[in-house]
Amino acid sequence: VAIAEVAKANSARFKAASHSRLGEAALRGYLVACGGFVVATTLAMLAYLAQTGLRGVLEAGIGQLVAGVVWKPEASSFGGFPLIAGTFASATGAIVLGAIPAVLGAVWLTEFAPEPVRRVYRRVMEVASAIPSVVYGWLALIYLVPLMDTIAHSLKGEDAPVSGVGLGSASVLLAIMVAPTVMLLSLDALARVPSALRDASAALGASSWQTAFRVSAPYAWRGLLVAVFFGFARAAGETMAVQMVIGGARRLPKESFLFSPTTTISAQIVMDMQDARPGTPQNNVLFSMALILLVVSVGVVLGTRALGRQGLK
Amino acid sequence: VSTAEPAVGRLHRTKRRGGSLEAGLKAALGVAASSIAVGYALTLLYLVARGAGKLGAIALYPVPVAGVDNEDAMRFLVAMCVFGILAWTMMAIIRWAATRAGRWTAEANRGGHVAVVAAAIGGALLARDHLPRFLVSLPSETTAGGGVGPEIFNTIYFAVLSTAITLPIGVGAAVYLARFAQSPRFVGVVRTALDTLASLPSIVYGLFGFLVFVVQMKAGYSLFAGAFVLALLNLPLVVGIAEESIHAVPQELDDASLALGATPIQTTLRITLPYAWPGILSAIVLSIGRVFAESAPLIMTAGTTVSRASAYSLNPFRGGETLAVHLWYVNSAGLAPDRVEVSAGTAAVLVVLVVLTNMVASRFARYGGALGSRAKKATK
């Protein structure tokens, strides 16, 4: 009797299920629409930016935008080279100062550190990578900039026209900001190294140092590279924090490469956006600069992602 | 080091240790790496300690400020959060000590939770006019003594608004990718789109939001525009983690559900999603953390001001700044003489919020996936 009852209930449930075909189809449609929404907004975003940006490129001329050295939108002078140079220089500095210690630290943590240290370390880095960039920027503004000012003056002389704001402060700040992200990604990459490889290396008589740097790190190199380039893209795209310490002078660093004010693409976009009326060339060229930034960071990230996927296979 | 080594390694312990040069290098690396982490940890502690003076300055606060809607409700909520967090911290300490002594029971646990809720509500009722002034008062452009009440409200409101957009779309896309994907080509397109979104600098999102909402729709700066842009920004993160946690649902569960006659959609709604829910929640909490942190896109879509009359208005089509934007604005355009103190307080509130969201996220993540306690309970 019981079996018959269960069978009856089940068939009823089955019928109920087949009755709600319409709901089923609607939900399936909804799921596909979610996927479609992601694609559509991405395309819309790229299209909008490209449209406005290319208008700016036509108005200013590509040569002027990339190689011109005077950025004065209000005087219709759109030389974007100082912005581009500032972005690349500060991001490169950040990678040199921040990514290398981060990757080495990740290697130490996975290969040599005891388990409790590893757990606490990871939590600290997770929180550090989630701290708002403006908080780092503010700290840099009140502590790093005066420090850099002292360093600059002790290097170049008391009366030299140098200051704490500029590429030096921006690079150090960006290094501090991207190091946690790079380290977390590196840890993930190193965690994917099969432990059989480490055991085999140990069985062959390698020391733990040799295992770490000749087996684990080389095995994970694609992942580590992805981490570093991701850090580069983040440093290049960072806006408000850099704006606070780079000085905001719309020119190449003049008196000293590290210690005089200059600017970056994203910092300048935020500053000039407040003055430029939409639809004018002054406004459109800002989108052109954003387009350059976009092409660079999307290219870097997609390229390294492809590399990383190959590595996983 | 040797405790974590496999048996094979222990046989060669002397060799594994390497020469004295290697041991020295290892120690140096260890010191350098640890000092990095200690540096970050000290920075975080310093930020909280530096702002604590500003936050702790409890002052009698004149009952409701004239002309500001919902001000008393906001003050009640802030009081509840403050007292709730205090009570919860105390309970956590007591629980830790009692667990150590082996005296922590299920009743004590229940009682503790009731006590936390009671303390939150009771504290809010009794002391809502004696709150830290900084947390409830309005910001001020030119004079000292400004607070961040509206900024806290906006920050949390942004989190709610953008989650309301990210959650349905992100989970839908993740379910589609993990369970219902039929055309490999479309899946490839969606994944490329997600990778592209993940790699865009946040300023680009800001420019997009500015073009669409402020320029094209002529809607001016609005919370809705900012929330929409933040939702887009968070989509790759949410879809990624949600998909991962759906993939972590054991296949047998789905198979069993299908074998019992449930349709694929029913299986997803009643089996897969509930099972993967903790992972999805932790993704949402992480994305809320990014809402707290983001500033550049919000400056371009939601503006940098707080209007006095609509400081606590629920209307999403007004402009407003968040804590992060306020921190930037105070330092680069503000004229207040106490801007260093205001910044310190704002930074401390931000750090506390971020640490709290991270704690909540990792708590949720612990229950999720194939290794979570929920799975252990189910397969015991």
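**Chains A and B: interface, salt bridges and aromatic pairs**

User: How many residues of chain B are in contact with chain A?

Analyst: In this predicted model, 85 residues of chain B are in contact with 85 residues of chain A, where contact means heavy atoms within 4.5 Å. Local features need pLDDT of at least 70 and side-chain atom pairs count only at pLDDT 80 or more, while totals for chains, interfaces and linings use all residues; side-chain values use heavy atoms, with hydrogens and water left out. Residues are numbered from 1 along each chain as its sequence is written, and chains are lettered from A in the order in which they are written.

User: What area is buried there, and what share comes from carbon and sulfur?

Analyst: About 7,400 Å² is buried between chain B and chain A, with carbon and sulfur atoms giving 77% of that area; buried area is the accessible area (1.4 Å probe) that two parts lose on being put together, summed over both. On the side of chain B that touches chain A, the largest share, 16 residues, comes from helix H3 (residues 20–56) of chain B, helices being DSSP runs of H or I with at least four residues, numbered from the N terminus.

User: How do the residues on that side divide?

Analyst: The side of chain B that touches chain A has 59 nonpolar, 20 polar and 6 charged residues. Here Ala, Val, Leu, Ile, Met, Phe, Trp, Tyr, Cys and Pro count as nonpolar, Asp, Glu, Lys and Arg as charged, and the others, Gly among them, as polar.

User: How many salt bridges cross the interface, and how many are there over all chains?

Analyst: The rule finds 0 salt bridges across the interface of chain B and chain A, whereas a search of the whole structure finds 7 over all chains; the rule asks for a side-chain nitrogen of Lys or Arg within 4 Å of a carboxyl oxygen of Asp or Glu.

User: Ok, what does Glu111(A) pair with?

Analyst: Glu111(A) meets Arg198(A) in a salt bridge, at 3.0 Å from N to O. The two are 87 residues apart and link distant parts of the chain, with Glu111(A) in helix H4 (residues 81–111) and Arg198(A) in helix H8 (residues 195–203) of chain A.

User: Is Glu111(A) buried or exposed?

Analyst: Glu111(A) counts as buried because its relative accessible area is 14%, and buried means under 20%, exposed over 50% and partly exposed in between (1.4 Å probe, protein chains only).

User: And in chain B, where do Glu243(B) and Arg191(B) lie?

Analyst: Their side chains meet in a salt bridge of 3.0 Å, N to O. Glu243(B) lies in helix H10 (residues 223–247) and Arg191(B) in helix H8 (residues 184–199) of chain B, so the pair ties together parts that are 52 residues apart in sequence. Glu243(B) is buried at 9% relative accessible area, while Arg191(B), at 28%, is partly exposed.

User: Switching to rings, how many aromatic pairs are there?

Analyst: There are 12 over all chains, counting rings of Phe, Tyr and Trp (its six-membered ring) whose centres lie within 6.5 Å, with planes under 30 degrees apart called stacked, over 60 edge-to-face and the rest tilted. One of them is the stacked pair of Phe112(A) and Trp209(A), 6.1 Å centre to centre with 5 degrees between the planes. Phe112(A) sits in the loop between H4 and H5, and Trp209(A) in helix H9 (residues 208–219) of chain A; both residues are buried.

User: Which residues share a cluster with Phe112(A)?

Analyst: Trp209(A) and Phe213(A) form one aromatic cluster with Phe112(A).
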